Amino acid sequence: MTHPDRHPLPMLDKRRRGIYILPNLFTTAALFAGFYAIVQAMNNRFEAAAVAIFIAMVLDGLDGRIARLTHTQSEFGAEYDSLSDMVSFGAAPALVMYEWALQGLGKLGWIAAFIYCAGAALRLARFNTNIDIVDRRYFQGLPSPAAAALIAGMVWVGLDNGFSGDELRWYACALTIFAGISMVSNVLFWSGKDINLRRSVPFIVLIALVLAFALVSSYPPGVLFGLFLIYAGSGYVLWALRWRKRRLHRQEAAAFTDSPLPPQNNEASAEPDAGAASDPGSKP
């Protein structure tokens, strides 16, 4: 029985917001690869853990491009991708490196691993807040997938050449700290987002891609580690070139302002007036 003074409550909107399956499927696969790397590191299968991190990189690069190509971008996908990146490129590489090489360093080892993990978290948070501010052609700080590739690449190369983590622990510690600090630095790294995959390219580009695949397949651990090591150093090289260029411009500007002005040639004071006599003592 309804009371005459009471009004029925308005019907709530029970519509559910859906999510796009295709891009989030790749994000989930990348998350699984990162989690798989952690599990394999706990079981002392470090080579499988390193390979899983590289697989997560490939899947992470595909989900964003697929979402843009199919026009399925969403806020949910962006947030889900950031959480997946934190696991795959933040926690997983730090734990893999700690279990492989940093554990024997005691406090310094887990501090280095934490610096990397915190750097990845701060890098992702800054990227999400500055996504509409910075130049899309460059990343501010080393991208977390590239930093993870440095860690996984070193583990993979060390194992492939018969080195144990204890033998390379100091190099591993330095590389882990370098990767963590680089992620939160202001150094600019090329993003590659200005490449348009839907645009026609010359035939030589296809040949270059085939050669690149052949090069990577010849020795995957060393080639991948070397490529990402060069990429990590390229940002600092470009930063040094820009700093040198700015310094030269400042020196040129300072030299221009400090140089004396050229003397003015006052012809009126040097020549006598037309109506005056050449002899100052003479009278008209």
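**Figure 1. Nine helices and two strands make up the protein chain.** This is a predicted model. Reading from the N terminus, the elements of the protein chain go α-α-α-α-β-α-α-β-α-α-α. The protein chain has 284 residues, and 33% of them count as buried. The views below pick out a helix pair, a charged pair, a nonpolar patch and a contact across the sequence.

**Figure 2. Helices H1 and H3 pack with their axes 9 Å apart.** H1 covers residues 21-42, and its partner H3 covers residues 75-100. The angle between the two is about 15°. Angles under 35 degrees count as roughly parallel, so H1 is roughly parallel to H3. As for the hand of the crossing, H1 and H3 cross in the left-handed sense.

**Figure 3. Asp166 and Arg169 form a salt bridge through their side chains.** Side chains of opposite charge can pair when their charged atoms come close. Here the N to O distance is 3.2 Å. How many salt bridges does the structure hold? Just one, so what you see in this close-up, the pairing of Asp166 with Arg169, is that salt bridge. Neither end is tucked fully away: Asp166 is partly exposed because its relative accessibility is 45%, and Arg169 is partly exposed too, at a relative accessible area of 24%.

**Figure 4. A nonpolar patch of about 1000 Å² lies on the surface.** Val201 and Phe203 contribute to the patch, along with Ile204, Val205, Leu206 and Ile207. Leu209, Val210, Leu211 and Phe213 are also part of the patch. Take Phe203 as a residue to look at: Phe203 sits in helix H7, which spans residues 203-218. Is Phe203 buried or exposed? With a relative accessibility of 62%, Phe203 counts as exposed, because the cut-off for exposed is over 50%.

**Figure 5. Ser234 and Leu188 are 9.2 Å apart in space, C-alpha to C-alpha.** In sequence, 46 residues separate Ser234 from Leu188. Where does Ser234 sit? Look for Ser234 in helix H8, residues 220-258. The side of the story told by accessibility is an in-between one: Ser234 has a relative accessible area of 27%, so Ser234 is partly exposed. Buried would need a value under 20%, and exposed a value over 50%.

Note on methods. Residues are numbered from 1 along each chain as its sequence is written. This is a predicted model: local features need pLDDT of at least 70, side-chain atom pairs count only at pLDDT 80 or more; totals for chains, interfaces and linings use all residues. Side-chain values use heavy atoms; hydrogens and water are left out. Patches are made of residues with over 30% relative accessible area and no salt bridge: like charges are joined within 9 Å, nonpolar side chains (Val, Leu, Ile, Met, Phe, Trp, Tyr) within 5 Å. Accessible areas come from the Shrake-Rupley method with a 1.4 Å probe; for residues, only the protein chains shown count as cover. A salt bridge is a side-chain nitrogen of Lys or Arg within 4 Å of a carboxyl oxygen of Asp or Glu. Helices (H or I, at least four residues) and strands (E, at least two) are DSSP runs, numbered from the N terminus. Buried means under 20% relative accessible area, exposed over 50%, partly exposed in between (1.4 Å probe, protein chains only). Axes are lines fitted to C-alpha atoms, for helices over the stretch in contact, and angles run from 0 to 180 degrees between N-to-C directions. Angles under 35 degrees count as roughly parallel, over 145 as roughly antiparallel, 65 to 115 as roughly perpendicular and the rest as oblique. A crossing is left-handed if the near helix is turned anticlockwise from the far one by less than a right angle, and right-handed if clockwise.
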